[in-house]
Amino acid sequence: MVICMAAIQVGRVCVKTKGRDSGEKVVVTKVIDGNFVMVRSPARKKGERKCAVLHLEPTDTVVSVQ
């Protein structure tokens, strides 16, 4: 599966496809480079986490991130 980097942007709601958070919705808060982003999940209380772009499936929803 190839993900277009234009689909991964700040505020994009994605679904994690790998790891212990697989199936959870997350919001992209910062784009680090072409391979990694910082995400925030309501299921996690620790705040932001680094995540590989290949482990995300973008949705059509975009929210404002503050």
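This briefing walks through the sheet, the cavity and a handful of residues.

We're looking at a predicted model, so local features need pLDDT of at least 70, side-chain atom pairs count only at pLDDT 80 or more, and totals for chains, interfaces and linings use all residues. Residues are numbered from 1 along each chain as its sequence is written, and side-chain values use heavy atoms, with hydrogens and water left out. The centrepiece here is an open sheet of five strands with antiparallel pairing, and there is one cavity of 30 Å³ or more to go with it.

**The sheet**

- Some ground rules: strands are DSSP runs (E, at least two residues), numbered from the N terminus, and two of them pair if DSSP finds at least two bridges between them.
- In general, strands of a sheet pair through backbone hydrogen bonds, either parallel or antiparallel.
- In this open sheet, the five strands run in the order 4-3-2-1-5, and the pairing is antiparallel.
- Strand 4 (48-52) and strand 5 (56-62) are the edge strands, each pairing on one side only.
- On average, neighbouring strands of this sheet are turned by 45 degrees against each other, direction ignored; the axes behind that angle are lines fitted to C-alpha atoms, and angles run from 0 to 180 degrees between N-to-C directions.

**Strand pairs**

- Strand 1 (residues 12-16) pairs with strand 2 (residues 25-31) in the antiparallel sense, over three bridges.
- Across that pair, Cys14 faces Val26 of strand 2, and Val15 stands opposite Lys25 of strand 2.
- Strand 2 also pairs with strand 3 (residues 36-40), again in the antiparallel sense, over four bridges.
- Lys30 has Met38 in strand 3 as its bridge partner.
- The link from strand 2 to strand 3 is a hairpin of four residues.

**The cavity**

- Rolling a probe the size of a water molecule over the atoms shows where empty space is left.
- On a 1 Å grid over the protein atoms alone, a cavity is a set of points where a 1.4 Å probe fits but cannot get out, and its lining residues have an atom within 4 Å of a point.
- Grid points are joined across faces, edges and corners, and a volume is the space filled by probe spheres set on the points.
- How many cavities of 30 Å³ or more does this rule give? The count is one, and the largest cavity holds about 50 Å³ of space.
- Its lining is made up of Lys16, Asp21, Val26, Val39, Ser41, Arg44, Arg49, Lys50 and Cys51.
- Strand 4 supplies the largest share of the lining of the largest cavity, with three residues.
- By class, that lining has three nonpolar, one polar and five charged residues; Ala, Val, Leu, Ile, Met, Phe, Trp, Tyr, Cys and Pro count as nonpolar, Asp, Glu, Lys and Arg as charged, and the others, Gly among them, as polar.

**Residues in strand 2**

- Two terms first: buried means under 20% relative accessible area, exposed over 50%, and partly exposed in between, with a 1.4 Å probe and protein chains only; contact means heavy atoms within 4.5 Å.
- Is Thr29 buried or exposed? Thr29, in strand 2, counts as buried because its relative accessibility is 16%.
- Beyond its neighbours within four places in sequence, Thr29 is in contact with Val10, Met38, Val39, Arg40, Glu48 and Val65.
- Val27 also lies in strand 2, and it is partly exposed because its relative accessible area is 21%.
- With neighbours within four places in sequence left aside, the contacts of Val27 are Gly11, Arg12, Val13, Met38, Val39, Arg40, Val63 and Val65.
- Val27 and Ser64 are 37 residues apart in sequence, yet 9.6 Å apart in space, C-alpha to C-alpha.

**Loops and the strand 5 edge**

- Ile32 is in the loop between strand 2 and strand 3 and counts as partly exposed at 39% relative accessibility.
- Neighbours within four places in sequence aside, Ile32 is in contact with Val37, Met38 and Lys50.
- Leu54 is in the loop between strand 4 and strand 5; why does Leu54 count as exposed? Leu54 counts as exposed because its relative accessibility is 63%.
- Glu57 belongs to strand 5 and is partly exposed at 41% relative accessibility.
- Not counting residues up to four places away in sequence, Glu57 touches Cys14, Val15 and Thr17.
- The C-alpha atoms of Glu57 and Thr17 are separated by 6.8 Å, with the two residues 40 apart along the chain.

Conventions:
1 Å grid on protein atoms, 1.4 Å probe; cavity = no way out; pocket = protein on both sides within 12 Å on 5 of 7 lines; lining within 4 Å.
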